[in-house]
Amino acid sequence: MSSLFQQYCDRRVTDLIWNIIIIAIGLVWLGVSALLKNTYMLASFVPVIMFISGYIASEKIAWQEMPKDNSWQYAISAGYATGASMRSQETWRFANQHCGNWYMRGSIPLLVMSELMLYFFQHYAYTAELIVLGQMIFVLMPFFLTERAINKNFDRQGNRYESL
């Protein structure tokens with residue numbers, strides 16, 4: 001019994017450490033770009049964090065057990081946690097892998113698009129706002145795609161549809 005409790009605590013500590021690492025990387029990235037007044041580095045912040053969180057969601061979190069209730073586990077556990085993804089362990093794994101893969105695939109073109117827009121249009125007004133708008137589309141798009149994929153592959157109870 002104590003070894004099961006130890007594994008549970010170790011996994012939660014690992015989740016907390018990953019969250020702290022992502023936050024620390026983000027704060028250092030923003031701090032350095034602000035100190036250097038480097039807008040190119042600032043524009044690449046969202047794509048880099050997207051790639052890191054996508055990797056963690058698809059490779060690490062998808063293979064963990066989903067949180068059982070709305071307790072403190074949600075606060076320290078990263079991952080794709082919506083009503084549809086929390087129906088079963090299989091939907092949890094599918095949703096985290098699907099969303100994480102979309103985040104990793106979307107971060108590369110987002111980085112290129114953001115840097116090119118900043119390079120070619122930096123002297124125009126509202127360039128930063130357009131870059132942020134484009135980044136928000138790339139950040140939110142995987143959520144809609146993942147929800148659609150969950151509804152396409154699973155029923156309301158979280159059972160995978162039988163393939164014909």
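This report covers the fold, one helix, a nonpolar surface patch and a salt bridge in a predicted model.

## Overall composition

The protein has six helices and zero strands. Along the sequence the elements follow the pattern α-α-α-α-α-α.

Of the 164 residues in the protein, 37% are buried. The accessible surface amounts to about 10,300 Å², and carbon and sulfur atoms account for 68% of that area. Among contacts between residues at least 6 apart in sequence, 70% join residues at least 24 apart.

## Helix α6

Helix α6 runs over residues 127-153, which is 27 residues. At 1.5 Å a residue the expected span is 39 Å, and the end C-alpha atoms are 40 Å apart, so the two values agree. The helix also has a kink of about 25° at Leu140. This kink lies shortly before the proline Pro142.

Pro142 is itself one of the buried residues of α6. The others in the buried set are Thr127, Ile131, Gly134, Gln135, Val139, Leu145, Thr146, Ala149 and Ile150.

## Nonpolar surface patch

A nonpolar patch of about 930 Å² is present on the surface. Its members are Phe51, Tyr55, Ile108, Val112, Leu116, Tyr119, Phe120, Phe121 and Tyr124. Two helices, α3 (45-60) and α5 (89-121), each supply at least two residues of the patch. The largest share comes from α5, with six residues.

Phe121, a member of the patch, lies in helix α5. The relative accessibility of Phe121 is 41%, so this residue counts as partly exposed; the partly exposed class lies between the buried limit of 20% and the exposed limit of 50%.

## Salt bridge

The count of salt bridges comes to one. This salt bridge is formed by the side chains of Arg160 and Glu90, with an N to O distance of 2.9 Å. Arg160 lies in the segment after α6 and Glu90 lies in helix α5, so the pair ties together parts that are 70 residues apart in sequence.

Both ends of the bridge can be placed by accessibility. Arg160 has a relative accessibility of 37% and therefore counts as partly exposed. Glu90 is partly exposed as well, with a relative accessible area of 37%.

Helix α5 thus appears in two of the features described here: it supplies six residues of the nonpolar patch, and it holds Glu90 of the salt bridge.

Note on methods:
Residues numbered from 1 in each chain as written. Predicted model: local features only at pLDDT ≥ 70, side-chain atom pairs only at ≥ 80, totals over all residues. Heavy atoms only, no water. Helix = DSSP H or I, 4+ residues; strand = E, 2+ residues; numbered from the N terminus. Expected span 1.5 Å × (residues − 1). Bend = angle between axes of the 7 residues up to and from the residue. Buried < 20%, exposed > 50% of the residue type's maximum accessible area, 1.4 Å probe, protein only. Patch = residues over 30% accessible without salt bridge, like charges linked within 9 Å, V, L, I, M, F, W, Y side chains within 5 Å. Areas by Shrake-Rupley, 256 points an atom, 1.4 Å probe, with all protein chains shown as cover. Salt bridge = Lys/Arg side-chain N within 4 Å of Asp/Glu carboxyl O. Contact = heavy atoms within 4.5 Å.
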